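Here is a short note to help you find your way around this model. Please keep the view open as you read.

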Amino acid sequence: MRIAQLAPLAESVPPKLYGGTERVVAWLVDKLVELGHDVTLFASGDSRTIGELHPVWPTALRLGRKGADPSAANAMLLEAIARRAGDFDVIHSHVDWLPLPLLSRLGVPFVTTTHGRLDLPGLPHVVHQFSDASFVSISDHQRLPLPEARWIGTIQHGLPSELLQPSYEEGTYLAFLGRLTREKGPEDAIRIAHATRMPLRIAAKIPRAETAYFRKHLAPRIDGNKIQLIGEVDDVKKQSFLRQAAALLFPIAWPEPFGLVMIEAMACGTPVIAYPAGSVPEVVEHGVTGFIVENEEQAVKAVGDLGKLDRRRVRARFEERFTARRMARQYEDVYGKLVAAAA
């Protein structure tokens, strides 16, 4: 099939540092090409892909030139796919709602993967307006706020099996990886680490909007010894960061749509200790790939029970459930059904 992939422009594909959606898009494109499809990626010009890259904006917006107008960049994205729509059998959008008015009028089968939370005001009206648009969720829990949407599948994320190599040695610290926002639970992670008397290593970015939160609630607790802030990490540093950890702490307090970091940890053989919010029960197998706990007290106990888990089994379950090839095969099936229905 001839497939167009529309990526967000905030980060390059794949991203240089933080950027879950863009990583998934990169892995999906590469695996689809390996499966024999003709794939064109519409993304920022600093992206890299083994498919065809159609650059619609010179550089990713977050790390690119300051002051760039996101609306202008997205206008270029929409114009690019409008001009080339006839080149494709199917269009796959990862840009949420913005392209729907255009894609609905191009006469080419399309599907949207929603990568964010869907319990936001106004979204039911959008779904009602575009009742014929097809959507794929990244977890069953993600779609709950919008049951009236035309869901044609749930496809969990996957990453290349060779990307992160596991370690089967007992880790020496607890890891926290993600954005430093209240909903991600960094304060809980710090308290859990203190209670277990284990070091905590934090690999995370500080969003501009969360600077005040970081300074008030987190910075005073980061002593550079027991609690260390490493900052954002790329894929190379991420591997060593995760594989040397005893566990990944994921004490979230929001409806996490998927949680890519959980399967990144599993790929390294590292178990996950997580609160049961959002997609967590669909990703973590309690007592196999980690522990699902209700609160800090249970998390502390789970740290003490890590020796009961087999890190080889954690890696094996990753390979069975969360590879990029599995993800690409599932999307391949979705595309085929859309094309057949249109024909």
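**Notes on the fold**

1. Of the 343 residues in the protein chain, 54% count as buried (under 20% relative accessible area with a 1.4 Å probe, protein chains only). Please bear in mind that this is a predicted model, where local features need pLDDT of at least 70, side-chain atom pairs count only at pLDDT 80 or more, and totals for chains, interfaces and linings use all residues. Residues are numbered from 1 along each chain as its sequence is written, and side-chain values use heavy atoms, with hydrogens and water left out.

2. On overall dimensions, the radius of gyration (taken over C-alpha atoms) is 20 Å, which agrees with the value near 20 Å for a compact globule of 343 residues; that rule is 2.2 Å times the number of residues to the power 0.38. The C-alpha atoms fill a box of roughly 60 × 45 × 35 Å along the principal axes.

3. The protein chain has 12 helices and 13 strands, which are DSSP runs numbered from the N terminus (helices H or I, at least four residues; strands E, at least two).

4. Helix H7 (residues 235–243) is a nice place to zoom in: its buried residues are Lys 238, Phe 241 and Leu 242. Seen down the helix axis, they fall within an arc of 90 degrees, so they line one face of H7; the arc is that of the directions from the axis to the C-beta atoms.

5. What do the buried residues of H7 pack against? Their partners include helix H1 (20–34), strand E8 (173–179) and helix H11 (311–321), with contact meaning heavy atoms within 4.5 Å.

Notes. Buried < 20%, exposed > 50% of the residue type's maximum accessible area, 1.4 Å probe, protein only.
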